[in-house]
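Let's walk through this structure together, one element at a time. Keep the 3D view open as you read.

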Amino acid sequence: MKPALRIHALNTVLDTPRGMVRAVDDVGFELRPGECFALVGESGSGKSMTALSIMRLLPEAGRIVGGEVDLDGLDLLGLPEAAMRSVRGRRIAMIFQEPSTALNPVLSVGRQIVEVMERHTELSREEAKRKALELLRSVGIPDAERRFEQYPFELSGGLKQRAMIAGALAVDPEVLIADEPTTALDVTIQAQILELLARLLRERGMALLLITHDLGIVARMAHRVAVMYAGEIVEIAEREAFMRAPQHPYSQKLFAALPSPRRRAGELAVIQGQVPPLTQEFRACRFAERCDQAFDRCRIEAPAMLEARPGQLARCHLREAGPAAPRAQSLGSHESIKTASGEGNVLLRIRDLQVHFPIRRGLLKRTVGYVRAVDGVSFELRAGRTLALVGESGSGKTTTGKAILQLIAPTAGSVRFADTELTTLSRAEIRPRRSAMQIIFQDPYGSLNPRMRVLEILLEGMRSLGIGRDEAERTARITRLLGEVGLPAEALGRYPHEFSGGQRQRIAIARALAVEPKLIVCDEPTSALDVSVQAQILNLLRALQQRLGIAYLFITHNIAVVEYLAHEVAVMYQGKIVEHGDVDRVLGAPAHPYTRELLAAVPTID
Amino acid sequence: MPFLPFPLFTDVLLWLLMGAIALYVWYCSRKPHLGAPWARVFQSRTAAICAVVFGCYVAIGFADSLHFRVRLQQAAGSEGTPYSPAVLSVLDLALTHLRERRERTYSAPLATRLYAKEQFEIDGKPVRDFPRLRYGGARLQDEAERPRDIAARIGLGLFVAAFAAVLIGLAVKRLRRRRPQIPWSAGGATLLGVLAAALPVLFLSFEYHVFGTDKVGQDVLYQALKSIRISLIIGTLTTLVLLPLGMALGVMAGYFKGWIDDAIQYLYTTLNSIPGVLLIAAAVLMMQVVIDRHAEWFSTAEQRADLRLLVLCAILGLTSWTGLARLLRGEALKLSQLEYIQAAHAFGVADTRILTRHILPNVAHIVIIAMVMDFSGLVLAEAVLSYVGVGVDPATTSFGTMINAARLEMGREPIVWWSLAAAFVFMFVLVLAANLFADAVRDGFDPRVRMGFVPA
């Protein structure tokens, strides 16, 4: 079949103060009509830069230094900007990760779609409107006439992404580029959007370039897959072949790092080290430093793309010796998690916890109603165990976690921590008890003060809560802690911006551990991290639990993480717990319809 | 002692401020994360050029901020050492030749004759003509020599500037070897440009009134140079009043929220809805009454004018903190939702400590940007206020009073333009340098400008 879009030897660089970053290095692939081509990789691998290079929408510091982008015989890189403008949106359309910022907030949804049509076609206003309504219906927006007149803020995230897709499809583009189109959405909405994209692909026969970091989405959507690492494609294959037997050690590691119930007994595979800085010119294999299977040749000679099996290429010297074996399908048995000593006593007992936020209106700020963020939640957590709180955004998981720590005052209900009722205590009375319960946040960039050194960050809590007799004792304790979370001792004198996301999350964990807590509320601690880094953090959390007997309240939307880490799981929906029980029971035989829907929506790789 | 140091209030504050800035520079040089944005600022060519221009103004301003009184000849029979009632500054001393050579009235730039006809006698006959100036070009035997004399003086100035160019070149070469990332050559070139303009003016000023004279025959160049100090004081001391108010109230409103936020918001909304000039005029007129009632507080006229200037700074500060407070309130609102603040709450860290350790250091860049940007606004505000007559003491020369005087001069026939032109040129260069420098500071400190947009 003739490809719709062919990319050949694309090279894009970014000029930064640290030097020239080779963000996209000799990337080539082709998109075929009616096919979904997935570009997979971790953050910084150059997937988005590839997409932006195709559209010629690079940031100011970026420039394309070589290659070809061939759209059905038309070389896009050679076009003048004016001609390129009639290609964008008309022949290649793009949808972005964050639907809330990709739509113009002051124009109605319909107006934005009609605008695309007016720009690229000769349709009259009336015809354009009719076609836009048709599009809105075809992307599954109910009550299209009303939505047409509405503004983006009146639409939910899923509807906004549908409207974005409708806008992208307005003039029947040949190629659609979707850059992480569902990352900002809940898992049930994600399933709907993926379903929609798959349907549109079948019906319209366009080519879809799907950029994602989620192998589950790849397994569900893609026909062919390319894995990017450090700016280049390391593996390119048909979906089935790739899922069965990934040929590049990096791809193999990505699969091994995914948490799943089968790996519950052991540790997750991690990829040591970090992506090498792309400012250098590579002469050897880029992955060699982090690869278990590397040998001498890998550090001297850069491997070429080798055809390990028909249609499956990998950039690895090992493939000269033949294709790699298929992925091990069953590693271990469904063992239950080993638990630490000291487990048993009920540490935390929540009864009918409610958090209502008043809605205030008018000049005098009268309360006209309440948002029932948490509406009668009850559970118990034993020492040394992990309870996963699962749910979609807005279900009240985080609010529950913060209300337990009394960071948000609960409206009603009881929080008993180690036989003390917390809700009736004053701020001063809670203070001495704060050391027993700590919190780890989602965003490793927002959770550390950029103006404080790591030492000061770690000392702050200890000083405030009077842990340790003097500075010497505290510093000694901190040095030990750093070893425990796997950071070098010289990290103490540095500032947070000098660390990667995973290392920052380790600092945040060390900060919580510094005050010897018995309970840590983990608020989505791995959702901002790449898969391989997520594996490191999950391993660390589990090792700490086994050694120190800490109980975790693990707030997450990632079911795979729950299966790997948790003993019990509670599913939250609209401020209530709809199902609660042993992790095997809830995930294996869900009783509540919402739990079933949630589990069905999770894209899995098997 | 042949002189008695006589520091005015504003002198003391200005020097204290200088000391505080020096301390801050020293502190920044020891903390890499504080020094880094400043290093970025000075890597920009614009910043280097503006810093040199601004530095020249600051040097003049500070030379004008060392006041003293000269000892008089001891009169026979009197006790103690009498000092002159006139308070002079180091700058006055350096510009004695400009200060003391007064003409009778207006004269045009570089003129040899007065700008008004007078009745006088030549060879016993009464003539009505433009008389020769008392000082301007007085040494010339024949007025026809004037162009040649002027050219010679400009040439001499340029010759000295060329000599300075060699020295500057050597210094730039050496500095570039030590800190190659700073655009020394741009700074050096600017300094050379300033010298090439200033030295000819200097040599001309010994014989002529380069910018002419005003109604009472005072040298306009001298007035313009004296105005620099007033501008600097208004631009910097006002921020001393404005900063603590704006920072404390803004950060508190954003962090504590609730009724504290409401109260502070009402306060600045109310303050903002009163026309600024009206408020300032009312305050200045009230202050004027107080000063006039208590003449015994002041031993000299300079002291009185100085207090008026200081109070004007305070009033300007009290009426203009609202913008900064609003900015900081928004930033503190955002910061207080950040996770490291919540983590601090989870550790039971006290509010005051969160404010000083977590919030203030993270809004510091906004404060610095606002301070540098406010400077030029305040300099212009002074000109406007003095123009409408509620600014500095009428006896003080400032850009505002010069422009105010020009109101009548522009309506006169033939027109007197040089007062306004001099005030305009000096103020324009100062404000332009401050604005461009503020832009460079913002670029250096604003994280968004620094990162650019680099998608994953």
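In this predicted model, a good place to begin is chain B, where strand 1 and strand 2 (residues 67–71) run antiparallel and are joined by three bridges. If you look along strand 2 of chain B, you will find F68(B) standing opposite P5(B). These strands belong to an open sheet of three strands in chain B, ordered 1-2-3 and paired in the antiparallel sense. Strand 1 (3–5) and strand 3 (83–89) of chain B each have a single partner strand, so they stand at the edges, with one side of each left without a neighbour in the sheet. On average, and ignoring direction, neighbouring strands of this sheet are turned by 30 degrees against each other.

Now let's move to chain A, which has 20 helices and 22 strands. Its radius of gyration is 26 Å, close to the 25 Å that the globule rule gives for 606 residues, so chain A is as compact as a globular protein of that length. Taken along the principal axes, the C-alpha atoms of chain A fill a box of roughly 75 × 70 × 50 Å.

Chain A also holds an open sheet, this one of eight strands with mixed pairing, in the order 6-7-8-3-9-10-12-11. At its edges are strand 6 (92–95) and strand 11 (306–309) of chain A, each pairing on one side only. Here the average turn between neighbouring strands, direction ignored, is 20 degrees. Within the sheet, strand 3 (residues 36–40) and strand 9 (residues 224–229) of chain A pair in the parallel sense over four bridges. To find your way between these two strands, start at F37(A): its bridge partner in strand 9 of chain A is R224(A).

Which helix lies across strand 6 and strand 7 of chain A? That is helix 7 (residues 157–168) of chain A, which runs at about 170 degrees to strand 6 of chain A. Strand 7 spans residues 175–179.

Finally, turn to a pair of helices in chain A. The axes of helix 14 (residues 454–465) and helix 15 (residues 471–484) of chain A come within 10 Å and cross at roughly 120 degrees. That angle makes helix 14 of chain A oblique to helix 15 of chain A, and their crossing is right-handed. On the helix 14 side of chain A, the contact is made by L455(A), L458(A), L459(A), M462(A) and R463(A); helix 15 of chain A contributes E471(A), R474(A), R477(A), I478(A) and L482(A). The residues of this contact divide into six nonpolar, no polar and four charged.

Note on methods. Residues are numbered from 1 along each chain as its sequence is written. Chains are lettered from A and ligands numbered from 1 in the order in which they are written. This is a predicted model: local features need pLDDT of at least 70, side-chain atom pairs count only at pLDDT 80 or more; totals for chains, interfaces and linings use all residues. Side-chain values use heavy atoms; hydrogens and water are left out. Two strands pair if DSSP finds at least two bridges between them. Axes are lines fitted to C-alpha atoms, for helices over the stretch in contact, and angles run from 0 to 180 degrees between N-to-C directions. Contact means heavy atoms within 4.5 Å. Angles under 35 degrees count as roughly parallel, over 145 as roughly antiparallel, 65 to 115 as roughly perpendicular and the rest as oblique. A crossing is left-handed if the near helix is turned anticlockwise from the far one by less than a right angle, and right-handed if clockwise. Ala, Val, Leu, Ile, Met, Phe, Trp, Tyr, Cys and Pro count as nonpolar, Asp, Glu, Lys and Arg as charged, and the others, Gly among them, as polar. The radius of gyration is taken over C-alpha atoms; the globule rule is 2.2 Å times the number of residues to the power 0.38.
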